[in-house]
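Work through these exercises with the structure open beside you. Try each task before reading its solution.

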Amino acid sequence: MAERVAVAQKLDLDALFKRRLLMVGGKGGVGKSTIAATLALMAAQRGLKTLLVSTDPAHNLADIFGCQCDGDKGRVPWQGVGLRVQEIHPDSVLDDYLESVRKQMLPHISLNMRGPLEKQLHLTRHSPGAEEAALLDALTRLIKQREDYDLIVFDTAPTGHTLRLMSLPGVMNTWATGLLQQKQHVGRFRDILSRLEPATDDAQPGNSDAAPAVLAPLLERQARFRDAATVLKDSELTGFLFVMTPELLPLQETRRAVAALDSHQVPVAGLVLNRILPAEAEQVPFLRGVYRQQGAVLSQVAEQLSALPQIQIPMSGDVIQGREGLQQMADVMAAAAKPAAHKQKMPGRAPAGH
Ligand SMILES: Nc1ncnc2c1ncn2[C@@H]1O[C@H](COP(=O)(O)OP(=O)(O)O)[C@@H](O)[C@H]1O
Ligand SMILES: [Mg+2]
């Protein structure tokens, strides 16, 4: 078979860490959390004030770091590492969210409306899409707080959520309208909402002067969502990174996600090819089939995804956990990435500082 030359650039970690937000996406089990934790550690070791956020309901960051990072605002208790970890649980985020909606609305509605509001909030708690709306709310709040950190790494980039953010302001109005419209007695609010509609295109939230106070939180949310969508589309501020193992399904999923983001003008910063078997695997009968399959998928990657800067991470024989495990992974990543322009790296040497 003619040899295919992969022309993809190597992933440039320096360029990646210059951004404010790093979204690590990919299919389940390919190594997203591991890669996200490693990148967050590397960034923190470079002196960047770093936050690692997981939105995956099946959290495993505590396992990966080998510590419960829930004290002191999630600070990872490792000397010399300025890293915080935050796990977002969709259901508790939803509770908080509904509580905030409740608090925002209560002062503005009459006594006889309070019962219906409570009932509506209760229904909303179990309605489809509610957790997603709450997660989006938490996500956009974090994006708004980006100035508090040098870098926020999102483990499990919520690609679907991101795409929905891009279809703003529709999602917001659906949510707000859904909440307010379902009960006939809130017809008054419906009128108010219809006045909100024209503001979705080009009117400024500054209009809130004219709008009733009850609308202020909705307008705030709308502005925040719009800001988040802008930030996510800005390749100087945000980098989407896809992790995949060289297998068919992860390849398909990655291609789909890259294309979907592309169609919303959200650029993808790079690709992490994880768990690559070494050439010796060809000699091991038990591994030969998998090794060849990996080779076949890697040449498809070279054909179809060579526009993305990439990095290849070998399959590790060790458990990747705790400070030592993540440090090893960080050394592997640093060696596999594009060498820093200003430094001459000594091959095989671990970085000096922590
Ligand atoms: N390069 C690698 N070599 C060996 N094991 C790996 C590698 N990358 C990840 N793993 C392991 O694969 C499993 C799944 O990784 P994880 O990061 O939890 O995936 P995800 O977050 O995508 O579901 C974990 O046990 C992790 O330690
Ligand atoms: Mg994970």
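**Exercise 1. Find the residue opposite Val53 in β3, then trace how β2 is joined to its neighbours.**

Solution.
- Step 1. Val53 stands opposite Gln86 in β3.
- Step 2. β2 and β3 run parallel and are joined by five bridges. Two strands count as paired if DSSP finds at least two bridges between them. Strands are DSSP runs of E, at least two residues long; helices are runs of H or I, at least four long; both are numbered from the N terminus.
- Step 3. Turn to β4 (residues 151–155). β2 (residues 50–54) pairs with β4 in the parallel sense, over five bridges. Thr50 has Leu151 as its bridge partner, and Leu51 has Ile152.

Before going on, note the ground rules. This is a predicted model: local features need pLDDT of at least 70, side-chain atom pairs count only at pLDDT 80 or more, and totals for chains, interfaces and linings use all residues. Residues are numbered from 1 along each chain as its sequence is written, while chains are lettered from A and ligands numbered from 1 in the order in which they are written.

**Exercise 2. Place β2 in the whole sheet. Which strands are at the edges?**

Solution.
- Step 1. The open sheet has seven strands, in the order β3-β2-β4-β1-β5-β6-β7, with parallel pairing.
- Step 2. The edge strands are β3 (83–87) and β7 (310–314), each pairing on one side only.
- Step 3. On average, neighbouring strands are turned by 20° against each other, direction ignored. The axes are lines fitted to C-alpha atoms, and angles run from 0 to 180 degrees between N-to-C directions.

**Exercise 3. Why is β2 described as largely enclosed?**

Solution.
- Step 1. A residue is buried if 20 or more other C-beta atoms, placed from the backbone, lie within 10 Å of its own.
- Step 2. Five of the five residues of β2 are buried, so the rest of the structure largely encloses this strand.
- Step 3. Check both faces. Thr50, Leu52 and Ser54 are buried on one side, Leu51 and Val53 on the other.

**Exercise 4. Which residues come nearest to ligand 1, and which element gives the most to its shell?**

Solution.
- Step 1. The surrounding residues number 15; Gly31, Lys32, Ser33, Thr34 and Ser316 come nearest. The criterion is a C-beta atom, placed from the backbone, within 6 Å of the ligand.
- Step 2. α2 (32–45) and β6 (268–276) each give two or more residues. α2 gives the most, with three.

Note on methods: Buried ≥ 20, exposed ≤ 12 C-beta atoms within 10 Å, placed from the backbone.
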